[in-house]
Amino acid sequence: MTRYMRIFDSFYLLLLGVGVGGIIACGAFAAPIIFNINKFIPTFSEIDSGLVMGKIFVRLNAYLMFLAIIMALYEGFSFFAKILKLDILYSNFWLILGVFNIVLIALFVYYYTPFILDTQNLLSDNFASMHEQSVWVFKALMFGLSVLLIWRAYLLHYVPQSPKK
């Protein structure tokens, strides 16, 4: 069982890594360029930049929801495998991190993104506050996914497999 879980762990790490990379790509690479594009293309307005960035975030959100489902299944299975005393590598902190990340994904995808993408909210008084909150949720999600990725990768690499039976 441990041997097969290590294979699934590797795929899970890949998915977590893609999630972290997507967040970094959107937040650190795409957003600064898109929101400053009017320096290169003067006819591009801030609203046009917001529309483009919104499309990027909608695509990232689709992946994040996929990741949240995989995370719920994987962490749930791992937790119950531990309860059933199957021979797997597991930490309760992973479950906590998994739930933390799933909640942040749900907040970002279902609460902040729809609010920010709704053009009627652009002129509302609390738009700047909601946008700032979404940035903090995005950063916390990157941190949470990174911690889960690094911790699982470290233990996968450094904890020896149990001997074959």
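Among contacts in this protein between residues at least 6 apart in sequence, 75% join residues at least 24 apart, a contact being heavy atoms within 4.5 Å. The model is a predicted one, where local features need pLDDT of at least 70 and side-chain atom pairs count only at pLDDT 80 or more, while totals for chains, interfaces and linings use all residues. Residues are numbered from 1 along each chain as its sequence is written, and side-chain values use heavy atoms, with hydrogens and water left out.

**Overall build**

Let's start with the fold. The protein has four helices and zero strands, and its elements run α-α-α-α from the N terminus on. Helices (H or I, at least four residues) and strands (E, at least two) are DSSP runs, numbered from the N terminus. Of the 165 residues, 37% are buried; buried means under 20% relative accessible area, exposed over 50%, and partly exposed in between, with a 1.4 Å probe and protein chains only.

**The nonpolar core**

In soluble globular proteins, nonpolar side chains tend to be buried together. Here the largest nonpolar core has 34 residues, and M71 and L145 have the most contacts inside it. At least two residues of this core come from each of helix 1 (2-34), helix 2 (46-83), helix 3 (92-117) and helix 4 (127-158). A nonpolar core is a set of buried Ala, Val, Leu, Ile, Met, Phe, Trp, Tyr and Cys residues joined through side-chain atoms within 4.5 Å.

Have a look at L145: not counting residues up to four places away in sequence, this residue touches L16, G19, V20, I23, L67, M71 and N101. The last of these, N101, sits in helix 3 and is buried, with a relative accessible area of 0%. With residues up to four places away in sequence again left out, N101 touches M71, L141, G144, L145 and L148.

**A buried charged network**

Side chains of opposite charge can pair when their charged atoms come close. Searching the whole structure gives two salt bridges, each defined as a side-chain nitrogen of Lys or Arg within 4 Å of a carboxyl oxygen of Asp or Glu.

| Salt bridge | Closest N and O atoms |
|---|---|
| R152 and D9 | 3.4 Å |
| R152 and E75 | 2.9 Å |

R152 lies in helix 4 and E75 in helix 2, so this pair ties together parts that are 77 residues apart in sequence. Salt bridges with shared partners join D9, E75 and R152 into one network. R152 and D9 are buried, and E75 is buried as well.

**How helices 2 and 3 meet**

Helix 2 and helix 3 pack at an angle of about 155°, with their axes 9 Å apart. That makes the two helices roughly antiparallel, a label for angles over 145 degrees, with under 35 counted as roughly parallel, 65 to 115 as roughly perpendicular and the rest as oblique. Axes are lines fitted to C-alpha atoms, for helices over the stretch in contact, and angles run from 0 to 180 degrees between N-to-C directions. Residues of helix 2 that take part in this meeting include F57, M71 and E75, and those of helix 3 include W94, N101 and Y110.

**Y63, facing helix 1**Y63 is also in helix 2. Leaving aside neighbours within four places in sequence, Y63 is in contact with L15, V18 and G19. Y63 and G22 are 41 residues apart in sequence, yet 8.8 Å apart in space, C-alpha to C-alpha.
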